[in-house]
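Let's take a look at this protein together. Have the sequence and the 3D view ready as you read.

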Amino acid sequence: MDASILKLKQKLRSWGWDLDKLSDQQRRLAWGLGGLLLFIVVIFGIIFPLLDMKNDWAQELEKKQLMLRHYQNLLAEQSRVAQVHQTLNDALTQAETKFLSGSNPAVAAADLQEILKTLSGDQGLKLISINVLPSREAGSYLEVPVQVQLSANIEQLLKFLYYLEHHRKLLYLTQLEINAARSHALSRRASMLRVSMEIAGVIKRESKG
């Protein structure tokens, strides 16, 4: 403190002010001006730079917070995508349990024929013929279709289609043609229908290499 007062006195002497030679009123004025000058120096030399530095820190902190929120959103989105991906994988795994038996079209077609023979026998349909058709590619899978000719009345046919749709294996009808007999002797409900349909199942394609 004494050093600061000494420096201030020296500064005032350099301006032609000798505090020892001034009156009390002039000395108070000189001290007041000196204090004001020191205050201005402190304000502009220390306080304002600190405030600017604080603003810079605040802006930098805001940028960091924005970046952090951005990364948090990315992580949340990644988590949602991973969850959807897992759900789809689970659904696909569940669907693949309903595929036909075997890893090649010949074995799968034999499995499909046995299923159709059992269904038609359970519903009392007359199975006329089953022809295996060429398999069709469907991405990573193969459709294994068969052409079926059968004879049934309308009630038998409806039950057959119902159990076909709700079978534990994934089976679907890709083609259906129904021809009704022109007979007035039998009721419409009991009249026999000649039905031609294409039914397909699915297997997973064998990986090459």
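## A partly exposed leucine

Keep in mind that this is a predicted model. Start with Leu74: its relative accessible area is 45%, so it counts as partly exposed. That label fits because partly exposed covers the range between under 20% (buried) and over 50% (exposed).

Leu74 sits in helix H2, which takes in residues 24-96. It also has company at the surface: Leu74, Met67 and Tyr71 make up a nonpolar patch. Together, the three have about 310 Å² of accessible area.

## A buried serine

Now hop over to Ser120, in helix H3 (residues 105-122). Is Ser120 buried or exposed? Its relative accessibility is just 3%, so Ser120 counts as buried; the cut-off for buried is under 20%.

What does Ser120 touch, if you leave out residues up to four places away in sequence? The answer is Leu125, Leu127 and Phe160.

## The whole protein

Time to zoom out. The secondary structure adds up to 4 helices and 5 strands. Reading from the N terminus, the order of elements is α-α-α-β-β-β-α-β-β.

The protein has 209 residues, and 23% of them count as buried. Its exposed area is about 15,300 Å², with 57% of that supplied by carbon and sulfur atoms.

How about contacts along the chain? Take those between residues at least 6 apart in sequence: 65% of them join residues at least 24 apart.

Note on methods: Residues numbered from 1 in each chain as written. Predicted model: local features only at pLDDT ≥ 70, side-chain atom pairs only at ≥ 80, totals over all residues. Heavy atoms only, no water. Helix = DSSP H or I, 4+ residues; strand = E, 2+ residues; numbered from the N terminus. Buried < 20%, exposed > 50% of the residue type's maximum accessible area, 1.4 Å probe, protein only. Contact = heavy atoms within 4.5 Å. Patch = residues over 30% accessible without salt bridge, like charges linked within 9 Å, V, L, I, M, F, W, Y side chains within 5 Å. Areas by Shrake-Rupley, 256 points an atom, 1.4 Å probe, with all protein chains shown as cover. Salt bridge = Lys/Arg side-chain N within 4 Å of Asp/Glu carboxyl O.
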